[in-house]
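Thanks for passing this one along. Have a look at the sequence and structure first, then read my comments alongside.

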Amino acid sequence: MTTDELAQLLAQQPVAILHRLARGRVQRHFRAGKRRLIDMLIQHSTNNLAGLESDLQALIEERQSRVQTPVPPANPVPPRQTAPHTSRRPTRTHEPESTEPGVTLTAWLEGLGVPTPQPFVPDPWQEEALAGLAETDVVVSVPTGSGKTYVAVEAARRAMSENRTIIYTSPLKALSNTKFTEFSKIFGSDQVGILTGDRQDNAQAPILIMTTEILRNLLYDAASGEIDVRLDTLGLVILDESQYIADPERGVVWEETIIFCPSQAKLLLLSASIGNPQDIADWLTSIRPSPCRLVRHSKRTVPLRAGYLHPNGKLTPLFRTAGIPYGHPGQLHPEAKRLFLQYEEDTLPSGRTRR
Ligand SMILES: Nc1ncnc2c1ncn2[C@@H]1O[C@H](COP(=O)(O)OP(=O)(O)OP(=O)(O)O)[C@@H](O)[C@H]1O
Ligand SMILES: [Mg+2]
């Protein structure tokens with residue numbers, strides 16, 4: 001989609017959608033009019049129009065799905081005469097429950113399983129992230145299950161081809177172990193090492209997997225000249241699950257790692273759930289040698305389904321629809337409701353069941 005087409009599509013949307021797109025992208029957007037908001041959105045996404053378009057499509061789809069599934073009232077209530085003295089504030093009404101029977105368990109489970117193999121085609125955002133990384137640091141903020149590992153692996157492959165070393169960090173020892181196994185299969189076990197509090201293997205390998213705390217400590221030591229870490233050949237630092245930067249206790253480790261990261265190495269921050277990725281990209285831009293590129297979108301490749309698993313092992317869809325009906329709390333699946341009430345009856349002292 002060209003910039004003009006995107007601007008036209010934006011102009012057709014209600015301003016609430018534009019404000020949702022502006023969150024995390026444009027500061028102080030609340031007072032901007034529609035035209036100005038569109039200009040600001042396009043201007044701020046010059047380097048990532050695909051991300052803006054993808055987020056916009058996701059919001060349009062979300063809105064359409066709400067419009068297409070109106071809730072038929074169970075017992076239509078005739079309009080009431082408002083007494084002249086009543087407050088003008090509308091009284092809060094409970095959303096009427098749907099009379100729809102609700103999706104069957106079989107229909108809800110449909111499509112789960114191993115998909116038929118297809119040739120691998122990178123998604124545009126994956127290519128965009130890799131292209132960005134050729135020049136500068138990149139923050140990737142995309143939903144879970146989107147394929148962030150592909151970006152990490154390809155970026156590592158490119159750095160290796162330039163005889164650069166790569167450090168990949170994760171916040172958990174268990175995840176570091178998993179990535180060690182995964183990367184060893186891809187690059188060969190002689191090419192990959194691991195350093196965690198529990199484990200040190202092949203520490204001279206060109207690709208090193210470690211917890212973020214270990215990398216921070218290595219960078220500390222290097223800064224004080226205490227040890228000789230191979231920082232001069234370091235070409236790429238991948239911080240997976242980098243939403244930990246917001247963690248009240250551990251977030252400082254991510255901050256310090258970024259601050260101490262050698263300037264010649266590219267930083268790749270991968271996250272599924274950063275609320276303010278633009279702020280993080282802006283911060284990186286302010287402390288690193290070149291402007292950080294933000295690659296983001298919010299469209300889920302793998303749609304979420306919500307289910308209710310009763311302690312007796314019975315599984316049922318949580319909502320009447322197969323997907324999650326955002327903003328429709330009255331759409332609980334009758335079977336989930338029945339099971340939950342039964343659970344309450346079984347566990348709460350008699351007479352305390354909530355209805
Ligand atoms: N372009 C693509 N087309 C189809 N499948 C893809 C693509 N990229 C990645 N995948 C597949 O998507 C799945 C999820 O990928 P991955 O584990 O990298 O997701 P992720 O974004 O790291 O998720 P998480 O947030 O859970 O860490 C994997 O099976 C991967 O092979
Ligand atoms: Mg991942």
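Below are my points on the sheet, the helices beside it and the ligand.

1. Bear in mind that this is a predicted model. Everything that follows is read from that model.

2. Start with the sheet. Eight strands make up an open sheet, and going across it you meet them in the order E4-E3-E5-E2-E6-E7-E1-E8, with mixed pairing. At the edges sit strand E4 (200–201) and strand E8 (293–296), each of which pairs on one side only.

3. Inside that sheet, have a look at E2 (residues 165–170) next to E5 (residues 207–211). These two strands run in the parallel sense and share five bridges. If you want one pair to click on, isoleucine 167 has leucine 208 in E5 as its bridge partner.

4. Now the helices. H8 (residues 173–187) packs on the sheet and touches E2, E4, E5 and strand E3 (192–195), with its direction at about 170° to that of E5. H9 (residues 212–223) also packs on the sheet, touching E2, E3, E5 and strand E6 (234–239), but its direction makes about 105° with that of E5.

5. Which residues come nearest to ligand 1? Out of 13 around the ligand, they are Val121, Thr144, Gly145, Lys148 and Thr149. By type, the shell splits into six polar, four nonpolar and three charged residues.

6. Some polar contacts to check on screen: ligand 1 has an oxygen atom 2.8 Å from a polar backbone atom of glycine 145, and an oxygen atom 3.0 Å from a backbone N or O atom of glycine 147. With lysine 148 the side chain does the job, placing an N or O atom 2.8 Å from a ligand 1 oxygen. As for cover, ligand 1 on its own has 650 Å² of accessible area, and the protein covers 57% of it.

Conventions:
Residues numbered from 1 in each chain as written. Chains lettered and ligands numbered in written order. Predicted model: local features only at pLDDT ≥ 70, side-chain atom pairs only at ≥ 80, totals over all residues. Heavy atoms only, no water. Pairing = 2+ DSSP bridges. Helix = DSSP H or I, 4+ residues; strand = E, 2+ residues; numbered from the N terminus. Contact = heavy atoms within 4.5 Å. Axes fitted to C-alpha atoms, helices over the stretch in contact; angles between N-to-C directions. Near = heavy atom within 4 Å. Polar contact = N/O pair within 3.5 Å; in protein donor to acceptor, adjacent residues only side chain to side chain. Areas by Shrake-Rupley, 256 points an atom, 1.4 Å probe, with all protein chains shown as cover. Nonpolar A, V, L, I, M, F, W, Y, C, P; charged D, E, K, R; others polar.
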